[in-house]
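Hi there,

Here is the structure I promised to pass on. Have a look at it first, and my notes on what turned up follow below.

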Amino acid sequence: QVQLVESGGGLVQAGGSLRLSCGASGRLFSISAMGWYRQAPGKQRELVATFTSDGSTKYADSVKGRFTISRDNAKNTVELSLQMNSLEPEDTAVYYCNALEAGYLNYWGQGTQVTVSS
């Protein structure tokens, strides 16, 4: 089992910045990938940014150059962060932290709301 707890969402004006954090604990040794997804009202959940199984990063085209994913590995926990700059109203969504175990088992955080006003 892997536990994920997100924090850092909120309301910000267009052009502003927010930083999301996700604390991961549990069976961390079996995690093959970790990343951030988002889901806007009436839309499907989509990938925002992720560390892939080989340790490289991947970003959605819509956030390239504005968002940065980072990871801090401690002894028994992993802190996954998403720095979001130059936010746009289109970035409004619930953001979810995701961990992939053994290449096929998905874990999700509870989600954190990000609202960008125009």
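**Strand β9 and its surroundings**

Eight of the nine residues in strand β9 (residues 93-101) are buried, so this strand is largely enclosed by the rest of the structure. Please keep in mind as you read that this is a predicted model.

Three strands pair with β9 in what follows. Strand β4 (residues 31-39) runs antiparallel to β9 and is joined to it by eight bridges; within that pairing, Arg38 stands opposite Tyr95. Strand β11 (residues 112-117) also pairs with β9 in the antiparallel sense, over three bridges, and here Tyr95 faces Thr112 as its opposite number. Then there is strand β10 (residues 105-108), antiparallel to β9 over four bridges, where Asn98 has Trp108 as its bridge partner. β9 and β10 make a hairpin with three residues between them, and Ala102 in the turn has a positive phi of about 55°.

**The aromatic cluster**

You may enjoy this part. Searching the whole structure for aromatic pairs gives two. In one of them, the ring centres of Tyr37 and Trp108 are 5.1 Å apart with the planes at 75°, so the pair is edge-to-face. This pair links distant parts of the chain, since Tyr37 belongs to strand β4 and Trp108 to strand β10, 71 residues apart. Tyr37 is partly exposed at 23% relative accessible area, and Trp108 is partly exposed at 35%.

Trp108 also pairs with Tyr96: their ring centres are 6.3 Å apart and their planes at 85°, so this pair is edge-to-face. Because Tyr96 lies in strand β9 and Trp108 in strand β10, the pair ties together parts that are 12 residues apart in sequence. Tyr96 is buried, with a relative accessible area of 14%. Through these ring pairs, Tyr37, Tyr96 and Trp108 are linked into a cluster.

Which residue lies over the face of Tyr96? Arg45 does, at 3.7 Å from the ring centre. The charged end of Arg45 also sits over the ring of Trp108, 4.5 Å from its centre.

**A look at Ser21**

Elsewhere, Ser21 is found in strand β3 (residues 18-26). With a relative accessibility of 16%, Ser21 counts as buried, the cut-off being under 20%. Leaving aside residues up to four places away in sequence, Ser21 touches Val5, Glu6, Ser7, Trp36, Glu79, Leu80 and Ser81. Of these contacts, Glu6 is 15 residues from Ser21 in sequence, with a C-alpha to C-alpha distance of 5.5 Å.

Happy browsing, and best wishes!

Methods. Residues numbered from 1 in each chain as written. Predicted model: local features only at pLDDT ≥ 70, side-chain atom pairs only at ≥ 80, totals over all residues. Heavy atoms only, no water. Buried < 20%, exposed > 50% of the residue type's maximum accessible area, 1.4 Å probe, protein only. Helix = DSSP H or I, 4+ residues; strand = E, 2+ residues; numbered from the N terminus. Pairing = 2+ DSSP bridges. Contact = heavy atoms within 4.5 Å. Phe/Tyr/Trp six-rings, centres within 6.5 Å; stacked < 30°, edge-to-face > 60°. Lys NZ or Arg CZ within 6 Å of the ring centre and 35° of its normal.
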